[in-house]
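This report describes the fold, the packing and selected residues of one protein chain. The structure to which it refers is shown below.

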Amino acid sequence: MSDDGLELTYEYVRIADLIAADIAAGRLPLGARLPGEQELASMHGVSVSTSRRVRRELARRGLVKALPAKGTFVIRTQAVEGGNDETPPPGP
(Lines give C-alpha, C1' and ligand atoms only; values in the text may rest on other atoms or scores of the structure.)
Protein backbone atom coordinates (compact mmCIF):
# COMPACT_ATOMS: atom_id res chain seq x y z
CA MET A 1 0.00 0.00 0.00
CA SER A 2 1.28 3.47 -0.75
CA ASP A 3 1.46 6.37 1.72
CA ASP A 4 -1.74 7.98 0.43
CA GLY A 5 -3.83 4.85 1.09
CA LEU A 6 -4.02 3.75 -2.55
CA GLU A 7 -2.91 0.24 -3.35
CA LEU A 8 -0.75 0.09 -6.45
CA THR A 9 -0.86 -3.05 -8.56
CA TYR A 10 0.23 -4.17 -11.98
CA GLU A 11 -2.44 -3.84 -14.66
CA TYR A 12 -2.20 -7.53 -15.60
CA VAL A 13 -2.88 -8.50 -11.96
CA ARG A 14 -5.89 -6.16 -11.80
CA ILE A 15 -7.35 -7.69 -14.98
CA ALA A 16 -6.57 -11.22 -13.81
CA ASP A 17 -8.39 -10.43 -10.55
CA LEU A 18 -11.45 -9.27 -12.54
CA ILE A 19 -11.48 -12.45 -14.61
CA ALA A 20 -10.89 -14.61 -11.52
CA ALA A 21 -13.93 -12.94 -9.93
CA ASP A 22 -15.99 -13.76 -13.04
CA ILE A 23 -14.84 -17.38 -12.78
CA ALA A 24 -15.65 -17.59 -9.06
CA ALA A 25 -19.10 -16.04 -9.64
CA GLY A 26 -19.91 -18.53 -12.41
CA ARG A 27 -20.00 -15.92 -15.19
CA LEU A 28 -17.15 -17.94 -16.72
CA PRO A 29 -18.04 -21.56 -15.87
CA LEU A 30 -15.83 -24.64 -16.05
CA GLY A 31 -14.89 -25.31 -19.66
CA ALA A 32 -15.55 -21.73 -20.78
CA ARG A 33 -13.10 -20.40 -23.34
CA LEU A 34 -11.41 -17.09 -22.56
CA PRO A 35 -11.21 -14.43 -25.27
CA GLY A 36 -8.08 -14.56 -27.42
CA GLU A 37 -5.07 -12.38 -26.62
CA GLN A 38 -6.02 -9.62 -29.07
CA GLU A 39 -9.67 -9.57 -28.02
CA LEU A 40 -8.73 -9.51 -24.32
CA ALA A 41 -6.31 -6.65 -25.02
CA SER A 42 -9.03 -4.67 -26.82
CA MET A 43 -11.61 -5.35 -24.10
CA HIS A 44 -9.34 -3.93 -21.39
CA GLY A 45 -7.46 -1.30 -23.40
CA VAL A 46 -4.05 -2.93 -22.90
CA SER A 47 -1.33 -4.35 -25.11
CA VAL A 48 -1.31 -7.93 -26.36
CA SER A 49 1.75 -8.60 -24.19
CA THR A 50 -0.24 -7.50 -21.13
CA SER A 51 -3.15 -9.76 -22.09
CA ARG A 52 -0.61 -12.59 -22.45
CA ARG A 53 0.58 -11.90 -18.89
CA VAL A 54 -3.05 -11.96 -17.71
CA ARG A 55 -3.49 -15.44 -19.12
CA ARG A 56 -0.18 -16.60 -17.62
CA GLU A 57 -1.25 -15.22 -14.23
CA LEU A 58 -4.60 -17.02 -14.40
CA ALA A 59 -2.80 -20.24 -15.35
CA ARG A 60 -0.35 -19.77 -12.48
CA ARG A 61 -3.33 -19.45 -10.15
CA GLY A 62 -4.59 -22.78 -11.50
CA LEU A 63 -7.79 -21.30 -12.95
CA VAL A 64 -7.18 -21.80 -16.68
CA LYS A 65 -5.23 -24.01 -19.04
CA ALA A 66 -4.02 -23.09 -22.51
CA LEU A 67 -4.34 -25.70 -25.24
CA PRO A 68 -2.14 -24.93 -28.25
CA ALA A 69 -4.16 -23.94 -31.33
CA LYS A 70 -7.40 -24.33 -29.31
CA GLY A 71 -7.50 -21.52 -26.75
CA THR A 72 -7.47 -21.00 -23.00
CA PHE A 73 -10.15 -22.67 -20.91
CA VAL A 74 -11.43 -22.44 -17.33
CA ILE A 75 -10.37 -25.57 -15.44
CA ARG A 76 -11.01 -24.54 -11.80
CA THR A 77 -13.30 -22.09 -10.05
CA GLN A 78 -11.06 -21.32 -7.03
CA ALA A 79 -7.49 -20.07 -7.28
CA VAL A 80 -4.55 -22.04 -5.93
CA GLU A 81 -2.66 -20.04 -3.28
CA GLY A 82 0.76 -18.66 -4.18
CA GLY A 83 2.68 -15.65 -5.47
CA ASN A 84 2.05 -13.86 -8.74
CA ASP A 85 3.76 -13.69 -12.11
CA GLU A 86 6.55 -11.65 -10.48
CA THR A 87 6.86 -13.77 -7.33
CA PRO A 88 6.47 -17.54 -7.62
CA PRO A 89 4.44 -19.49 -5.07
CA PRO A 90 6.27 -20.65 -1.95
CA GLY A 91 8.03 -24.00 -2.13
CA PRO A 92 7.01 -27.08 -0.15
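Among contacts in the protein chain between residues at least 6 apart in sequence, 53% join residues at least 24 apart. The model is a predicted one.

The secondary structure of the protein chain comprises three helices and two strands. Read from the N terminus, the elements follow the order α-α-α-β-β. Of the 92 residues in the protein chain, 29% count as buried. The exposed surface of the protein chain amounts to about 6,000 Å², of which carbon and sulfur atoms supply 54%.

**Helix packing**

Two packed helices are described by the angle between their axes and the distance between the axes. For helix H2 (residues 37-44) and helix H3 (residues 48-60), the packing angle is about 105° and the axes are 8 Å apart. Angles of 65 to 115 degrees count as roughly perpendicular, and H2 and H3 are therefore roughly perpendicular to each other. On the H2 side, the residues that take part are Glu-37, Gln-38, Leu-40 and Ala-41. Their counterparts in H3 are Val-48, Ser-51, Arg-52, Val-54 and Arg-55.

**Residue pairs separated in sequence**

The table lists C-alpha distances for three pairs of residues.

| Pair | Separation along the chain | C-alpha to C-alpha distance |
|---|---|---|
| Gly-36 and Arg-55 | 19 residues | 9.5 Å |
| Arg-60 and Val-80 | 20 residues | 8.1 Å |
| Ala-32 and Val-64 | 32 residues | 9.3 Å |

Gly-36 is located in the loop between helix H1 (11-24) and H2. With a relative accessible area of 23%, Gly-36 is partly exposed. Arg-55, its partner in the table, is among the H3 residues that meet H2.

Arg-60 belongs to helix H3. The relative accessibility of Arg-60 is 23%, so this residue counts as partly exposed.

Ala-32 also has its place in the loop between H1 and H2. Is Ala-32 buried or exposed? Buried means under 20% relative accessible area; Ala-32 has a relative accessibility of 16% and therefore counts as buried. Leaving aside residues up to four places away in sequence, Ala-32 touches Thr-72, Phe-73 and Val-74. These three residues fall within the range of strand S2 (71-74).

**The loop between the strands**

Ala-69 lies in the loop between strand S1 (64-67) and strand S2 (71-74). Most residues other than glycine have a negative phi. Ala-69, by contrast, has a phi near 65°, a positive value in a residue other than glycine. Its relative accessible area of 88% places Ala-69 in the exposed class.

**Aromatic rings and charge**

How many aromatic pairs are there? The count comes to one aromatic pair, for rings whose centres lie within 6.5 Å. A pair of aromatic rings is described by the distance of the centres and the angle of the planes. A ring also takes part in an arrangement with a charged group: the charged end of Arg-53 sits over the ring of Tyr-12, at 4.2 Å from its centre. Arg-53 falls within the residue range of helix H3 (residues 48-60), and Tyr-12 within that of helix H1 (11-24).

Note on methods:
Residues numbered from 1 in each chain as written. Predicted model: local features only at pLDDT ≥ 70, side-chain atom pairs only at ≥ 80, totals over all residues. Heavy atoms only, no water. Phe/Tyr/Trp six-rings, centres within 6.5 Å; stacked < 30°, edge-to-face > 60°. Lys NZ or Arg CZ within 6 Å of the ring centre and 35° of its normal. Helix = DSSP H or I, 4+ residues; strand = E, 2+ residues; numbered from the N terminus. Buried < 20%, exposed > 50% of the residue type's maximum accessible area, 1.4 Å probe, protein only. Contact = heavy atoms within 4.5 Å. Areas by Shrake-Rupley, 256 points an atom, 1.4 Å probe, with all protein chains shown as cover. Axes fitted to C-alpha atoms, helices over the stretch in contact; angles between N-to-C directions. Parallel < 35°, antiparallel > 145°, perpendicular 65-115°, else oblique.
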